[in-house]
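Here is a short walk through one protein model, with a look at its aromatic rings, its charged side chains and one of its inner spaces. Keep the structure open beside the text as you read.

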Amino acid sequence: MHFLHIPISLIVAATLAGNSHATTSKSKEFQFLTNATEKFFVNGTNFPSVPFDIGESYAGLLPNTPHGDSELFFWFFPSLNPKAKNEITIWLQGGPGCSSLDGLLQENGPFLWQSGTYQPVRNMYSWNNLTNIVYIDQPVGTGLSPGNSTVDNEVDVSNQFNDFWRRFIDVFEMQGYKVYMTGESYAGMYIPYIAEGFIEQNDTTHFNLKGIQINDPTINEQNILANVPAVAALNHFSTVFSLNETFMKDINARDEKCGLTRFLNEALTYPPPKHFPTAPNPYADPECLVYYDIISAAQLVNPCFNMYHLTDFCPYLVDPMGFPSLAAGPEVYFNRSDVQKTLHVPPTNYSLCNESVIFPNGDGSVPSALGPLPKVIEETNNVIIGHGWFDFLFFVNGTLATIQNMTWNGEQGFQRPPTEPLIVPSTIGQIEDPNTWDAGSGSWAWQVALFFSVYNAITNDKSEEIPQYVPGAAYRQLEFLLGRISSLQDTGPFTTQT
């Protein structure tokens, strides 16, 4: 990908010439540079510690009022892909309270700075190869978005986000653009509720929602997503955990007594059972709360056990994002004053996942699968749910059990098992030297299901951070969401790769 190396002072001067008539005229050198956006322009040729041009981008703060009382931080990367001309994709991290800059720097942004590496590198699988993409820290109190959280539930989150989004669309003159939402973890709560808010606006000028993708999402209660499937997952990965025989016998006896795996076996039938089973209540019998005992046992064997990617081990690599806290190193990248200045934000005590409470009284909303998610499926006919096998925070089978008890378009769950493969092409790329970037290439078993013109993908990749550990698989999913390929069984090359 080629970017023009033009001094920013010349661009700004040219843009501001004839000020009274230049408010909507765009720079010939950059797609979105106008008088209204100039204050957000990021000098991509000299971004701190990045030894190459990161391209055209815009960052800063926009108000979330009147529903909120502060501002939300965004970092917007336009795409050179001609098919992206009238679309914008949103990326949200989870938490709640985790910064979306984690997704940018270590998953799918134009440049990556992974743990244990000396400096950033170009990302061959950057999502802005495909689409205009914006990373947003929300709600207030997250990442670089200043202030204290004022949300009590997901409707509050949606209302504040919508106020911000209307301004974003107007500032960057994206009226009528198709909007896609993507994210992971607690974004499984954020995104369906925000998407429902978009739909209820009945305003395709600013809220023209066309689809969502959520990876390893929080869409149900923790009991279903984590506790019930935990022993079955432990048995599947027993050689990874290497727990002693005494513990394994005890935890499996408790599973049998409480009926955890038995519930899964009944729930994961296709079509789903007419009378869906009731999940065991772990709070009625403390022996049924097995998840945390497994985590504690795993940490005794592996003190660096990472529930987000269970094959990790000691030592922790120094991480520029500061995760985990023991591996933060001398500085956290987005807490640096030169980085914050370049991103047009005031001095901020940045942390990857804010220690302040986003929901002071707890999130008052029901899980998204029991609330807005079915409606979003029905309205868009374009919803992808991705999941990683090596995620030990939430489990594939917990997500599948949730879907089998969810009704959309008048029918409950998947009517047949999701057995079609996800085809990820291998790619020859050239960054500094020619390399083969496998990035999870190959045919992945039982990946995708297509039902009733609603696209629901259960993609069993490696970890919660699918774009980080298998970027090729995540890139292919995004192609599908955007309509660049007709199915996830497409055997052709990536539609845009630089």
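Let us start with what counts as an aromatic pair: rings of Phe, Tyr and Trp (its six-membered ring) pair if their centres lie within 6.5 Å, and planes over 60 degrees apart count as edge-to-face. By this rule the count comes to 45 aromatic pairs. Please bear in mind that this is a predicted model.

**Aromatic pairs**

One of these pairs brings together tryptophan 75 and phenylalanine 111, whose ring centres are 6.1 Å apart with 65 degrees between the planes, an edge-to-face arrangement. The pair links distant parts of the chain, as its members are 36 residues apart: tryptophan 75 sits in strand E2 (residues 71-77) and phenylalanine 111 in strand E4 (residues 111-112). Are these two side chains buried or exposed? Tryptophan 75 has a relative accessible area of 0%, so it counts as buried. Phenylalanine 111 is likewise at 0% relative accessibility and therefore counts as buried.

A second example is formed by tyrosine 333 and phenylalanine 334, again edge-to-face, with 5.1 Å from centre to centre and 70 degrees between the planes. Tyrosine 333 and phenylalanine 334 are both buried.

**Salt bridges**

Side chains of opposite charge can pair when their charged atoms come close. In this model, the count comes to 12 salt bridges. Three of them are set out here.

| Basic partner | Acidic partner | Closest N to O |
|---|---|---|
| arginine 262 | glutamate 256 | 3.7 Å |
| arginine 336 | aspartate 338 | 2.8 Å |
| arginine 476 | glutamate 479 | 2.8 Å |

How do their surroundings look? Arginine 262 has 42% relative accessibility and so counts as partly exposed, while its partner glutamate 256, at 53%, counts as exposed. In the bridge between aspartate 338 and arginine 336, aspartate 338 is partly exposed at 32% relative accessible area, whereas arginine 336 is buried at 14%.

The bridge between arginine 476 and glutamate 479 lies within one helix. These two residues are separated by about one helical turn, because they are 3 residues apart in helix H15. Both arginine 476 and glutamate 479 are buried. Elsewhere, Asp250, Arg254 and Asp293 are joined into one network by salt bridges that share partners.

**Another residue of helix H15**

Helix H15 (residues 471-482) also holds alanine 474. With a relative accessible area of 0%, alanine 474 is buried. Which residue 349 positions away along the chain can be compared with alanine 474? That is tyrosine 125, and the C-alpha atoms of tyrosine 125 and alanine 474 are separated by 8.8 Å.

**An enclosed space**

Rolling a probe the size of a water molecule over the atoms shows where empty space is left. The structure holds 3 cavities of 30 Å³ or more, and the second largest has a volume of about 50 Å³.

Which residues line the second largest cavity? They are Gln222, Asn223, Ala226, Asn227, Tyr283, Leu289, Tyr291 and Tyr292. Helix H5 (222-227) and helix H10 (291-301) each supply at least two residues of this lining. Helix H5 gives the most, with 4 residues. By class, the lining of the second largest cavity has 5 nonpolar and 3 polar residues, and no charged ones.

Notes:
Residues are numbered from 1 along each chain as its sequence is written. This is a predicted model: local features need pLDDT of at least 70, side-chain atom pairs count only at pLDDT 80 or more; totals for chains, interfaces and linings use all residues. Side-chain values use heavy atoms; hydrogens and water are left out. On a 1 Å grid over the protein atoms alone, a cavity is a set of points where a 1.4 Å probe fits but cannot get out, and a pocket is an open set with protein on both sides within 12 Å along at least five of seven lines; lining residues have an atom within 4 Å of a point. Grid points are joined across faces, edges and corners, and a volume is the space filled by probe spheres set on the points. Ala, Val, Leu, Ile, Met, Phe, Trp, Tyr, Cys and Pro count as nonpolar, Asp, Glu, Lys and Arg as charged, and the others, Gly among them, as polar. Rings of Phe, Tyr and Trp (its six-membered ring) pair if their centres lie within 6.5 Å; planes under 30 degrees apart count as stacked, over 60 as edge-to-face and the rest as tilted. Buried means under 20% relative accessible area, exposed over 50%, partly exposed in between (1.4 Å probe, protein chains only). A salt bridge is a side-chain nitrogen of Lys or Arg within 4 Å of a carboxyl oxygen of Asp or Glu.
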